[in-house]
Amino acid sequence: MADITDIKTILYTEKSLNLQEQGVVVIQTSPKMTKNSLKAVLKEYFGVSPQSVNSLRVNGKVKRFRQRLGTRNDYKKFYVKLPEGASLGNMEA
């Protein structure tokens, strides 16, 4: 089962900041994280049970460095709708 170490970051992009006004937080995690395990982590560590969770799997791009090909890491993005007035740590949603 996944745990808090599988959460890589909370994304702060233009799109995610616009979504925060609607109470949606965008979280980047490892590819093995599932919706149910993310809900359990949020409930255990932050004391928040989300209203809804949508997931998006992102494959790493193939990039060339000098004469060698390499790939960036795969990850998952979760769009988490928090209840009214809830927050994750120092971030307000």
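Reader: What makes the side chains of Arg57 and Asp74 a salt bridge?

Author: Their N to O distance is 3.8 Å, and the cut-off is a Lys or Arg side-chain nitrogen within 4 Å of an Asp or Glu carboxyl oxygen, so the pair qualifies. Please keep in mind that this is a predicted model. The two partners sit 17 residues apart, Arg57 in strand β3 and Asp74 in the loop between β5 and β6.

Reader: Why is Arg57 called exposed or buried?

Author: Arg57 has a relative accessibility of 51%. Exposed means over 50%, so Arg57 counts as exposed. Asp74 has 32%, and a value between 20% and 50% is called partly exposed, so that is the label for Asp74.

Reader: How do you know that Val58 comes together with Asp74?

Author: Val58 belongs to strand β3. Its C-alpha atom is separated from that of Asp74 by 5.8 Å, although the two are 16 residues apart along the chain. Setting aside neighbours within four places in sequence, Val58 is in contact with Asp74, Tyr75 and Lys77. Contact here asks for heavy atoms within 4.5 Å.

Reader: How many salt bridges does the structure hold?

Author: There are two. Besides the Arg57 and Asp74 pair, Lys32 bridges to Asp6, with the closest N and O atoms 4.0 Å apart. This pair also links distant parts of the chain: Lys32 lies in the loop between β2 and α2, Asp6 in the segment before β1, and 26 residues separate them.

Reader: What are the accessibility labels of Lys32 and Asp6?

Author: Lys32 has a relative accessible area of 58%; that is over 50%, so Lys32 is exposed. Asp6 has 8%; that is under 20%, so Asp6 is buried. Beyond residues up to four places away in sequence, Asp6 touches Thr29, Ser30, Lys32 and Met33.

Reader: Why is Ser30 called buried or exposed?

Author: Its relative accessible area is 12%, and the limit for buried is under 20%, so Ser30 counts as buried. Ser30 is placed in the loop between β2 and α2, and its contacts are Asp6, Lys8 and Lys76, not counting residues up to four places away in sequence.

Reader: What makes strand β2 mostly covered?

Author: Six of its six residues are buried. Val24, Val26 and Gln28 point one way, while Val25, Ile27 and Thr29 point the other way. Both sets are buried.

Reader: How do you know that β2 pairs with β1 and with β6?

Author: Two strands pair when at least two bridges are found between them. β1 and β2 have three bridges, in the antiparallel sense, and Ile7 stands opposite Thr29. β2 and β6 are joined by six bridges and also run antiparallel. Across that pairing, Val26 stands opposite Tyr79 and Val24 has Lys81 as its bridge partner. Both counts reach the limit of two, so both are pairings.

Reader: What is the order of the strands in the open sheet?

Author: The order of the four strands is β1-β2-β6-β3, with antiparallel pairing. β1 and β3 are the edge strands, since each pairs on one side only. Neighbouring strands are turned against each other by 25 degrees on average, direction ignored. Helix α2 packs on the sheet and touches β1, β2, β3 and β6, and its direction makes about 125 degrees with that of β3.

Terms used: Residues are numbered from 1 along each chain as its sequence is written. This is a predicted model: local features need pLDDT of at least 70, side-chain atom pairs count only at pLDDT 80 or more; totals for chains, interfaces and linings use all residues. Side-chain values use heavy atoms; hydrogens and water are left out. Buried means under 20% relative accessible area, exposed over 50%, partly exposed in between (1.4 Å probe, protein chains only). Axes are lines fitted to C-alpha atoms, for helices over the stretch in contact, and angles run from 0 to 180 degrees between N-to-C directions.
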